[in-house]
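Work through the exercises below with the structure open beside you. Try each task before you read its solution.

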Amino acid sequence: MTQQHTPLAVAIMGPTASGKTASALAIARAIPSEIVSVDSALVYRGMDIGTAKPTPDELASVPHHLIDIIDPLDAYSVMQFRADAIRLVGEIAARGRLPLLVGGTMMYFKGLSDGLDDLPSADAAVRARIELDAARLGWPALHARLAGLDPATAARLAPNDAQRINRALEIIELSGQPMSALLARREKTALPFRLTSFALEPSDRAVLHRRIAQRFEQMLGRGDDDEQGIVAEVARLRARGDLSPSLPSMRCVGYRQSWDYLDGRIDRAALRETGIVATRQLAKRQLTWLRSMPERIVIDCLGPDPAGIMLDHLAAQHVQEGQP
């Protein structure tokens, strides 16, 4: 398939609060487009406030995909995302529109561009031993253990990210090698489309931190009786009776802190503080992921017109390829 006949897709990556959605919507106003969400939290139905899900008006203005597709009780893997994204890019391109892959779940972007890994399968006995160590020592201690064995992977994970710390330690025990080394050796899988990747990154981290704080305060609303606040949203989810804080959905930033608040473990001031800190840590990990993606085109998310810069890049690329 020649380059001219290979569909083009555009990735808009960046940390939380970097303005990815606004940029995507601006591009969609200039070029007929459809948005494919690359966000492991937006897949869940009923989780709208804490995930900063696009508003009903935004969803109506441009076709969106991979939003509200599963129940919070279920899981959605990188393998599922990759298959869905490749299918959707083909369908969107066939409709004569530009696929925009928009989000901050860097593991999804890496899985899409680099292909799926050939890591050892899960071993229940090994996982159980790791969980016993965690119960005795705490997940931060196991994160420190991982940092000594696989610093590259540990740098991408939060100290309490039980699921991923467990998996990384499990891989080391089963293979005798760090996960980062195994991933680095996998062969890059060719995609059936061309991918231009933009990364919205802050020129001033302090400004991004202020945006994060402002966004989390907006999510909290006026109080826990405010139907628009994240605490009320988590209370409604808890009232179902079948969810628990150990589920991937409820471990999303903001949700696990709100769950602790509703359990009485923290007060509202601590909810605000821990939620903001956790979101900043998420942004730091997202930026760490981005630095491992040399093919990205970096754009200052604090600049006056990030979407305009992206459109200029796309127009120049169009001319260079000799397309009319």
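**Exercise 1.** Locate P245 in this predicted model, decide whether P245 is buried, partly exposed or exposed, and list what P245 touches.

*Solution.* Begin with the position along the chain: P245 sits in the loop that runs between α11 (230–238) and α12 (255–262). Next, consider the accessibility: buried means under 20% and exposed means over 50%, with partly exposed in between, so P245, at 41% relative accessibility, counts as partly exposed. Then look for contacts, leaving aside residues up to four places away in sequence, and you will find M250, R251 and W259. As a last step, take the C-alpha atoms of P245 and L174, which lie 28 Å apart in space while the two residues are 71 apart in sequence.

**Exercise 2.** Work out the order of the strands in the sheet and find which strands stand at its edges.

*Solution.* Start with the count of elements, since the protein has 14 helices and six strands. Six strands form an open sheet with parallel pairing, and reading across gives the order β3-β2-β4-β1-β5-β6. The edges belong to β3 (64–65) and β6 (297–300), each of which has a single partner strand, so one side of each is left without a neighbour in the sheet. Now examine one pair in detail: β1 (residues 8–13) and β5 (residues 194–201) are joined in the parallel sense over six bridges, and within β5 the bridge partner of A9 is L195. Finally, turn to helix α3 (residues 78–94), which lies across β1, β2 (33–37), β3 and β4 (98–103) and runs at about 150° to β4.

**Exercise 3.** Take the positions that UniProt lists for "binding site" and describe the surroundings of T16 and A17.

*Solution.* The first step is to read the record: an unreviewed UniProt entry lists G14, P15, T16, A17, S18, G19, K20 and T21 under this heading. The second step is to place the two residues, and here T16 belongs to the loop between β1 and α1 (20–30), as A17 is also found in the loop between β1 and α1. The third step is accessibility, where T16 is buried because its relative accessible area is 12%, and A17, at 7% relative accessibility, counts as buried too. The fourth step is to collect the contacts beyond four places in sequence: T16 touches L208, I212, R215, T279, A283 and Q286, whereas A17 touches L208, R211, I212 and R215.

**Exercise 4.** Determine whether H143 is buried or exposed, and name the residues that H143 touches.

*Solution.* First find helix α6 (residues 139–149), where H143 has its place. The relative accessible area of H143 is 14%, so H143 is buried. Setting aside residues up to four places away in sequence, the contacts of H143 are A154, L157, A158, P159 and I165.

**Exercise 5.** Compare the radius of gyration of the protein with that of a compact globule, and then describe the protein as a whole.

*Solution.* For 324 residues, a compact globule would have a radius of gyration near 20 Å, and the protein has 20 Å, so the two agree. Along the principal axes, the C-alpha atoms fill a box of roughly 65 × 50 × 35 Å. Buried residues make up 47% of the 324 residues, and the accessible surface comes to about 15,600 Å², of which 53% belongs to carbon and sulfur atoms. To finish, consider contacts between residues at least 6 apart in sequence, of which 76% join residues at least 24 apart.

Methods: Residues are numbered from 1 along each chain as its sequence is written. This is a predicted model: local features need pLDDT of at least 70, side-chain atom pairs count only at pLDDT 80 or more; totals for chains, interfaces and linings use all residues. Side-chain values use heavy atoms; hydrogens and water are left out. Helices (H or I, at least four residues) and strands (E, at least two) are DSSP runs, numbered from the N terminus. Buried means under 20% relative accessible area, exposed over 50%, partly exposed in between (1.4 Å probe, protein chains only). Contact means heavy atoms within 4.5 Å. Two strands pair if DSSP finds at least two bridges between them. Axes are lines fitted to C-alpha atoms, for helices over the stretch in contact, and angles run from 0 to 180 degrees between N-to-C directions. UniProt positions are given in the numbering used here, feature names are shortened, and annotations may be inferred rather than shown by experiment. The radius of gyration is taken over C-alpha atoms; the globule rule is 2.2 Å times the number of residues to the power 0.38. Accessible areas come from the Shrake-Rupley method with a 1.4 Å probe; for residues, only the protein chains shown count as cover.
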